[in-house]
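Open your viewer and get ready to click along. We will visit some charged pairs and then step inside.

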Amino acid sequence: MRKTVLPFAVSFVLLMFMASCSPSKSTVTEEETPIPVLEEGDTAHFTLLQTTDVHHHVVGTGPSASYATENDTTQGGYSRIAGNIYIIRAQNEEAGIPTVLVDSGDYFMGTVYDMSLGKSPAALNYFESMDYDAITIGNHELDYGPTPLAGFFNLAVGAGPVSRFNVPVIASNMVTNGHAGMEALKAAGVIKDSLIKTLDNGLKVGIIGLLGKSAASDAPVKAPLTFTNDLSDNAVVAEIQAKVDAVREAGAHVVIALSHSGITDPNGTPGGDDVTLAQKVTGIDIIASGHNHEMTDDVVTVGDTKIICAGRYGENLARLDVDVTIGGAVNVELTNY
């Protein structure tokens, strides 16, 4: 099912202030509130929020790029995304429903905000300020090659005992092949192979991150990095399947793939690497797709896997309300903002 909601618009400064005061990630410590242990047959709910392919569109685009509160035709912009995230988180917190916020890659490359000039990129600052739960790497993050990408992450993390950037970067099928900068980021825990996040209702959400074959081919200077993504190769399918199985065996009740692989014609005859992924790898409940810039008007269901894509340039925030029966079905409803 799907719903469509008109973008929320208000001034950039006000929204960033609201975002900084917004309800934080939907996890708590055991000292604050005991986290329940879910048993087979129990039900749990959460909301997944996805952005993808924002391409550093920090400011909205439109005839005047105004931030009027009425009759505003401007699209995109960090402040609009922030406003909707703030509202959803606040509503969910009041209702006792956890929220998980993710990005499926290609947050760099597209506007003058790419010119960080020795400073942490705007996208990474935004992810940190908005308390994203996980992001993955798209092909455009590698447009300058892996060494500059490692540098961007290091700028975001900063020096000293306290990291400024604490958003997990999930790259499950990336092979570093001895690249010192990327291996150091993995050793430091900035880049992770997978993530299991326990929400305050006891639900364990497993997250993997994948760069697909088509997307990897659009990253010509990625060497020496390689990505295990040829789904025509049974050995590759088995390797990805093993990663999903490992997350399940570690306790995940639901598995989300942040897959910068792509879905084509999602509102007609869906195809693309993410459809193939859903066909060949079992145990992925939700694919939060990126790369092809095509927004899903409704959930694309392939077997037991649900696929969504927020589209491009921050013009939409995808909201997936998820009902999980432990050991049973996962039901979803999509709303586009």
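Start by selecting K243 and D193, whose side chains meet in a salt bridge with an N to O distance of 3.1 Å. The term salt bridge here means a side-chain nitrogen of Lys or Arg within 4 Å of a carboxyl oxygen of Asp or Glu. Colour by secondary structure next: K243 sits in helix α7 (residues 234-249) and D193 in the loop between β7 (191-192) and β8 (195-198), so this pair ties together parts that are 50 residues apart in sequence. Helices (H or I, at least four residues) and strands (E, at least two) are DSSP runs, numbered from the N terminus.

A word on what is loaded: this is a predicted model, in which local features need pLDDT of at least 70 and side-chain atom pairs count only at pLDDT 80 or more, while totals for chains, interfaces and linings use all residues. Residues are numbered from 1 along each chain as its sequence is written, and side-chain values use heavy atoms, with hydrogens and water left out.

Now turn on the surface. K243 is partly exposed at 21% relative accessible area, and D193 is partly exposed too, at 34%. For these labels, buried means under 20% relative accessible area, exposed over 50%, and partly exposed in between (1.4 Å probe, protein chains only).

Next, select K213 and D230, another salt bridge, at 3.7 Å from N to O. K213 belongs to helix α6 and D230 to the loop between β10 (226-227) and α7, so the two join parts that are 17 residues apart in sequence. K213 is partly exposed, with 45% relative accessible area, and D230 is partly exposed at 26%.

For a third stop, pick D321 and R319, which form a salt bridge at 3.1 Å, N to O. Which of these partners is buried? R319 is, at 12% relative accessible area, whereas D321 is partly exposed at 22%. A search of the whole structure finds six salt bridges.

Time to hide the surface and go inside. Select F127, Y132 and F165: these have the most contacts within the largest nonpolar core, which has 43 residues. Such a core is a set of buried Ala, Val, Leu, Ile, Met, Phe, Trp, Tyr and Cys residues joined through side-chain atoms within 4.5 Å. Helices α2 (78-95), α3 (122-129), α4 (146-157), α5 (180-187) and α6 (213-217) each supply at least two of its residues, and α4 gives the largest share, six.

Zoom in on F165. Among the residues it touches (heavy atoms within 4.5 Å), leaving out those up to four places away in sequence, are L124, F127, I135 and F153. Finally, look for another core lying apart from that one, with 29 residues, including L38, V100, V254 and L258.
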